[in-house]
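Colleague: I've got this protein up on my screen and I'd like to talk it through with you. Could you take my questions one at a time?

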Amino acid sequence: MAAALTFDEFAVAKQAGLIRFGYLLLRDHQLAQDLAQEGLARLHSNWPRIGVDGNPDAYVRKVMVNQLLSWRRRRGWSERPVADVGDGAGPDPTVRIGERAEMWAMIGELPMRQRAVIVLRFYEDLDDAAIAALLGCSSSTVATHANRALARLRSVATAAEPAFPGKS
């Protein structure tokens, strides 16, 4: 039988996952951190009861969801003070969405292994050794796939740029 975790060990092991969970609920990193902190704080006060016999992971996630619903019931829960309101003019956010869609389309055209390496390296944030273990090849093969994929993405992106920036 494995030794029971202490609250500190549980918090260290689960904090990043709880913040990700909060981000998926809120789409705001700072509020996600606040939500995870609130969940862990409430779990801490109930740790003797829940940490030993219960399911602390499920408990803290339920606390986070309940806290989110409580925040939403409050008036103006999404209002945040800012130093300068500004005129509202800025870059068009739809341009970024289009660029992201173009990038995923280019990644989709890569050979399967190169695509897997790019996704595992940049989306899953794995190092070459971990990717090599997943793909069943050497680290140098992973590096080769990554270099070739990035070179191909650069060449396709460069070819797609207009000759005169700002004029199509």
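Modeller: Sure, here are the ground rules, and then your questions. This is a predicted model, so local features need pLDDT of at least 70 and side-chain atom pairs count only at pLDDT 80 or more, while totals for chains, interfaces and linings use all residues. Residues are numbered from 1 along each chain as its sequence is written, and side-chain values use heavy atoms, with hydrogens and water left out.

Colleague: How many helices and how many strands are there in the protein?

Modeller: Helices (H or I, at least four residues) and strands (E, at least two) are DSSP runs, numbered from the N terminus. Going from the N terminus on, the elements read α-α-α-α-α-α-α-α. The count is eight helices and zero strands.

Colleague: What share of the 168 residues is buried?

Modeller: Buried means under 20% relative accessible area, exposed over 50%, and partly exposed in between, with a 1.4 Å probe and protein chains only. By that cut-off, the buried share of the 168 residues is 24%.

Colleague: And how much of the accessible surface belongs to carbon and sulfur atoms?

Modeller: Accessible areas come from the Shrake-Rupley method with a 1.4 Å probe, and for residues only the protein chains shown count as cover. The protein's accessible surface comes to about 12400 Å². The part belonging to carbon and sulfur atoms is 55%.

Colleague: Where does helix H1 bend?

Modeller: H1 covers residues 7-26, and the bend in it is about 50 degrees. That's the angle between axes fitted to the seven residues ending at a residue and the seven starting there. The spot is Lys14.

Colleague: Which residues of H1 are buried?

Modeller: Not every H1 residue is on that list: Gln15 is found in helix H1, and at 42% relative accessibility it counts as partly exposed. The buried ones are Phe7, Phe10, Ala11, Gly17, Leu18, Gly22 and Leu26.

Colleague: Which residues touch the most other members in the largest nonpolar core?

Modeller: A nonpolar core is a set of buried Ala, Val, Leu, Ile, Met, Phe, Trp, Tyr and Cys residues joined through side-chain atoms within 4.5 Å. This one has 16 residues, and the elements giving two or more residues to it are H1, H2, helix H3 (47-53) and H4. In soluble globular proteins, nonpolar side chains tend to be buried together. The ones touching the most other members are Phe7, Leu18, Leu26, Leu35, Leu40 and Leu43.

Colleague: Which residues does a second, separate core include?

Modeller: That second core is made of seven residues. Among them are Val117, Ile131, Val142 and Ala146.

Colleague: Which residues does Leu35 touch, not counting those up to four places away in sequence?

Modeller: Contact here means heavy atoms within 4.5 Å. Leaving out those sequence neighbours, Leu35 touches Gly22, Leu25, Leu26, Met64, Gln67, Leu68 and Trp71.

Colleague: How many salt bridges does the structure hold?

Modeller: We count a salt bridge when a side-chain nitrogen of Lys or Arg is within 4 Å of a carboxyl oxygen of Asp or Glu. One of them joins Asp128 and Arg121, with the closest N and O atoms 2.6 Å apart. The total is three.

Colleague: What separates Glu38 and Arg42 along helix H2?

Modeller: These two form a salt bridge, with their closest N and O atoms 2.7 Å apart. Glu38 is partly exposed at 26% relative accessibility, and Arg42 is partly exposed too, at 37%. They're four residues apart in H2 (residues 29-45), so the separation is about one helical turn.

Colleague: Which residue forms a salt bridge with Asp57?

Modeller: The partner sits four residues from Asp57 in helix H4 (residues 56-73), so about one helical turn separates the two. Their closest N and O atoms are 3.4 Å apart. The partner is Arg61.

Colleague: Where is Arg27 found, and is it buried or exposed?

Modeller: Arg27 isn't a glycine, yet its phi is positive, about 60 degrees. It's found in the loop between H1 and H2. At 57% relative accessibility, Arg27 counts as exposed.

Colleague: Where does Asp125 lie?

Modeller: Asp125 is a residue other than glycine with a positive phi, near 60 degrees. At 67% relative accessibility, it counts as exposed. Asp125 lies in the loop between helix H6 (112-123) and helix H7 (128-135).
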